[in-house]
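Please keep the sequence and the coordinates open while reading. The text below goes through the chain by backbone geometry, packing and charge.

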Amino acid sequence: MSSPLASLLSGLSSPDAPTRTAAEAYHATQLSASPQSHITLLVSGLASPPHLSFCCVLLRPLLLSHPSHFGCSSAAALAASPLFLSAAAPLRSPATPPYPARRLCHLLGSLAATCADPAPLLGLAAELLPGEGARALFLLECCLDYAPGKVWAPASKDALLGLLSRPPEPGTAENLQASVAAQVALIQAAAAPSNPDAATDPALLSAQLLSPLLSATSSLLQSHPSAPASLRALQSLSEASLSSPAFFACTPAAATATLTAFAAAATAAALPPDVRRAALTILVNLLPTLRKSKTVSLLPLSAPAGPLAACVELMRDGASDDLQGWSEDPVSFHSDALSYDDDDSSLAAAELLEAFAHDLPAKETFPTLLPMAEALMGGDWKGKRAGLECLGRMLSAAPVSFSRYLPTTTAAALAALADANPRVAFQGLQLAGQVCNLTASPEQDSAVQKAHAPALAAAIGRLVASPVLKVANAACGALVSFCRGSSNDNVVSRELVEPLLGPLLAALSEGVLSRLSQTEEEGVCVLAASGINALACLADAAGPAFAPHYAAFMPGLLQCMTANLDAAGAVVSRAAEENGVGNVRGAAMEAATIIGKAVGGREGPFLRDAETVMQLVMSLLAAANGSYQAERDAAKAGRPYSAPPLPISMEKAQRCAARISGIMEESFSQFMPAVLPHLLRQAKQKNEMSVSDGDEAGLEATMNGDVERDADAGTEALTMKIPGVGIKKLTINTSVVQEKSAAARALTEHACALGAHFGPYVKLCVSALQPLVSFQYSSEVRVSGAQALAPVFDGACALAVDPSHPAYAKVSGASGIPQQLLGSIVNTLVKQIEEERNDPETLLEVAVALSDVTRSAFVYTFEDMAGKHCAVLANNEARSLVTKLTSLVGECLERRRMLFNGQAEAGDDEDEWQEYQEALDGESDILTPLVDSIGYTLKSGGGAQFVGVFESVLAPTFGKLLTSAGNVDVRARFAAVCLFDDAVEFLGPEAAARYAPMLLPGVLEGMASDDLELKQAAVYGVAQIVRQAPAAIEAVAGQVAQSLCELINTGAADEDEVSLIENAVSAVASMVVFRGAPFSGVVGQQLGMVKELVLNNFPLTDDETEAHICHDRFADMVEIGDASCVGTVEALARTMAIIGKVIKCCDDGENLALPSTLARFAGLLGKLQQNANAAAAWAMLEGDVQGAIGKAVQTGAAERGVATITP
């Protein structure tokens, strides 16, 4: 008859689920009813070899949940406790096998975390060290991992150092590896001590421990080069080099010893490749710290026989020799295009090479690597492949420095594309794609791509038809890169694609797309989906130029979209689905919508085919809803349910529906009642991350880059060692995460497309989206949730101010919804911005969303009346928001200051300088929406109620940034000038009089700046000072007017300067031209010339607000018969042209004049026809302007009593 303990353990490990469930219930019941006796039972199992390991596993969590039952309140109590004594006994016994011994060490490490004083544990390690060195050292490692604050403490530091600084005896592989691992645990504990009293100077620790650590490592590698222990030791050191780089680089001597030791290991041909790669990894991890500290020369790393050469050697030799196996290895939807199991060693070495090339100056690495690459490409196929890989890694690592080699690199890629060896051609395709995607120097990139575009297109097109699926698939990927290019809008210029469109489409048709009928072959579905994606990218890049080819491809895509589906959208043959036909259908659906958008959207031929796509989307939604209901019914009945897979993934269907909504716009409203519930259900799904005990096998797998995936459950798991906690396994449902993000992105597209028509769904969507903004498990979900809130809120605003809209009557209290939502949305977004300080990319996107929301609240006004905003923050809300944003702006400016310092230290390293510049640009991108949000809040809540906020929060911070005397950062000055511009314009006459004198020095200096945005803000500020507080600028009015005239005469060099010139026109017109202008006298006899200058630049089209003001004041000039407007035939013709162009632009949807101004224009036209020069002036007008004038007058003639103007 088995004992109670044996019965319990047998039940817990039973493969029979009911037996296991019963045992788990018994275990939980005993813990609750009699915890002490149950713990005693488990402790007794430590004396039984068959039960030892399992009892260790069960006892470890109990140490955390029931610490009082183990009696370890002091060192003496710990030494006498049953658990310590029961665990120590088998640990002392040489007969205990290694695995149970390690379980015991983990258990005692957990005990160290819960006891008051771990001294007995250290004593046990000291006792074991002479005979059982590996166990003793692993025990110390576990104690340091689980309880770093207690073990690395003042009372035990010396004892620990004494134990770990002595060489292990005997020098077996296990003892040496355990010594290294334990020392690494100590280094990591000392680097971030839980106990502040245990803080240690890295230099002091390094002086005591580095030499024995390197000695143990060297001994291990020399005596046991191929032992698994050697690799494990270097992997431990790799962790330490990441978490505690200062230990290795705190002094020149330490850095030199470290570099020498690991460079020797990396270049030792006798060591196995994985061990050499581990040594290279350590060097790579330490490089950033070594470069920054400048304590040692790094030139040996770039030496011809140094670590760089080792990377190249491992990269070449690590590639598989099995050319046929590689060629026949099928491509997969779930694997990386570069992945091939037998190439893992080569790929890892290539990644290390890229890291070295990134962190070392190009002037040191390129002289070594370029000759190596050239030599390799003159050899066999493995050499050619490695040489091309080397060039690609250099290009990725140092794009600025490498850009000068682009022509020769492109030539090398083209040569490789013509090579008969498929592996060389494949690598050539990878390099060609990198050349197309390079973004280091847009001007040079564009020139290179244009020069080689025909040859690249032809070579890629040939390989699309390669019989080797991997090569054909890679060719499709290279074609996508060719279409996207390196331009900022992610699509290469249409001028480059259009001449090549026909040949490339022919290559796709005759190559990849011709195999659509062979989808039963393994890998062909992957290739078909890639080909369809490439077709979509070509269409996207070509735009309307694709229209002649629409009829040749769209029917096939629509047919492909429904392959193996019946009329209801259900799968006909499940067996035919096994090779991934569903992915091909999804690719076809997406390509159809991308092409439809490219050829003209609503105005193009796709509108009729969009209905066909939406029919399939609706069938997919119906199937998904049916599965959801069946799952709920099964859950209620307590039975399992597994939903059948959809014919096309819902994520792709949602993207297509969202794209179609952008094409159909308000016509898509008919589909929203069916589309929206599914999106909201996905957005609201619950997702929990579970944390459980991990094991060493899982930890090793994670360290090797392997992710544990459960396709059925949709989960991914990682195992990690957490200091003070131990080895833990983190599992998250990634499918739910992806679905949440996809739903939010789809809602963004629908809200943008539908505008006010989205109004009926706003409240439902906001309640679903706000929790996503703070979703802790995924920044992608947080970003997509924040991005969706902005257009959803905009839809509410658009509907609120338009009572004539058909959806207005359907929404109860539509006019008040923006006001109801604004405070909550703003609070959600700004709170998350504060949480994203360590994630600049997410911070930026959430900040942009906040800026968009506050802009919508400002822009939409009731009855188009200034100041009657549809939503306004309460004064306390506005103060809180502005205070938080001002603090964030300060942090952003401080980060920019540090980046400027780093950039100055970069010296002649072009790539490092560029990386600093990109980081500065990133911070500038963050600064813009933060300041914009403040500005929109100021303008929406402007007036006396906001003056206090500006005076107490904004003026003290931004006032000192207005000029270079307060801050050399141009972006800071730009932000300050913008906010003071707004204060003068919107906060009322008293505030304008107070802040205009503060703004003026910033304006004067800004007008002379080389920074376009600062100059434009300064010129805009002039106009506001002139209108709101002219006395502030009186002393320099003449100087300012002259500067503005000179600026206008210079003209706009490009589109970016149009706003600047128009703002200058508006400013000088307000100063000296318009009726009642305060400074018309400062230009003296030149007033007529200034008027000509202003009117020759009318109408204004870029800034609606300034256009409204200036066009209305222009009507004043016409009304009073100003000679510059009506004095000559030419002047009268110009006046008519200005009025006609404004009217035409307004008819075309551009808001360049208020309705009252347009009414004045119509009335003035009637008066102008009485002018003696009217017929001659009319004849000078362009036809479209004549048409606009005639239409305007005819439309309103009956209402206004204005006769039609005729020649």
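Glu665 lies in the loop that runs between α33 and α34 (672–684); helices here are DSSP runs of H or I with at least four residues, strands are runs of E with at least two, and both are numbered from the N terminus. This is a predicted model, in which local features need pLDDT of at least 70 and side-chain atom pairs count only at pLDDT 80 or more, while totals for chains, interfaces and linings use all residues. Residues are numbered from 1 along each chain as its sequence is written, and side-chain values use heavy atoms, with hydrogens and water left out.

The phi of Glu665 is positive, at about 55°, although the residue is not a glycine. Glu665 is partly exposed, its relative accessible area being 33%. The classes are buried for under 20% relative accessible area, exposed for over 50%, and partly exposed in between, with a 1.4 Å probe and protein chains only. The areas themselves come from the Shrake-Rupley method with a 1.4 Å probe, and for residues only the protein chains shown count as cover. A positive phi also occurs at Asn564, where the value is near 65° and the residue is again not glycine. Asn564 is placed in the loop between α30 (550–561) and α31. Another backbone feature is the cis peptide bond from Phe1098 to Pro1099, with omega near 0°. Pro1099 belongs to the loop between α49 (1087–1095) and α50 (1104–1119). Most residues other than glycine have a negative phi, and most peptide bonds are trans.

Which residues are linked in a network of salt bridges? The members are Glu590, Glu651, Arg655, Arg659, Arg745 and Glu780. A salt bridge is a side-chain nitrogen of Lys or Arg within 4 Å of a carboxyl oxygen of Asp or Glu, and the structure holds 39 of them. Within the network, Glu590 pairs with Arg659, and their closest N and O atoms are 3.4 Å apart. Glu590 lies in helix α31 (residues 581–598) and Arg659 in helix α33 (residues 650–664), so this salt bridge ties together parts that are 69 residues apart in sequence. Both partners are buried: Glu590 has 12% relative accessibility, and Arg659 has 19%.

Glu651 forms a salt bridge with Arg745, with 3.3 Å between the closest N and O atoms. Because Glu651 lies in helix α33 and Arg745 in helix α36 (residues 734–754), the pair ties together parts that are 94 residues apart in sequence. Glu651 counts as partly exposed at 29% relative accessibility, and Arg745 is partly exposed at 29%.

A further salt bridge joins Asp1148 to Lys1144, where the closest N and O atoms are 3.1 Å apart. Asp1148 is exposed, at 52% relative accessibility, whereas Lys1144 is partly exposed, at 29%.

Charge also gathers on the surface. Asp322, Glu328, Asp341, Asp342 and Asp344 form a patch of negative charge there. Patches are made of residues with over 30% relative accessible area and no salt bridge; like charges are joined within 9 Å, and nonpolar side chains (Val, Leu, Ile, Met, Phe, Trp, Tyr) within 5 Å. Lys and Arg count as positive and Asp and Glu as negative, with His and the chain ends not counted; a charge is placed at NZ of Lys, CZ of Arg, CG of Asp or CD of Glu. Asp344 is part of helix α20 (residues 344–359) and is partly exposed, with a relative accessible area of 43%.

Toward packing, Leu104 sits in helix α7 (residues 98–114). Is Leu104 buried or exposed? Its relative accessible area is 0%, so Leu104 is buried. Beyond neighbours within four places in sequence, Leu104 is in contact (heavy atoms within 4.5 Å) with Leu46, Leu52, Cys56, Ala87, Pro90 and Leu91. The C-alpha atoms of Leu104 and His1111 are separated by 85 Å, and the two residues are 1007 residues apart along the chain.

Glu169 is placed in the loop between α11 (157–165) and α12 (173–191), and counts as exposed at 53% relative accessibility. Glu169 touches Leu129, Pro130 and Asn175, residues up to four places away in sequence not being counted. From Glu169 to Pro130 the C-alpha distance is 6.7 Å, with their positions 39 residues apart in sequence. Asn175 is found in helix α12 and is buried, at 7% relative accessibility. Apart from neighbours within four places in sequence, Asn175 has contacts that include Gly133, Ala134, Leu137 and Glu169.
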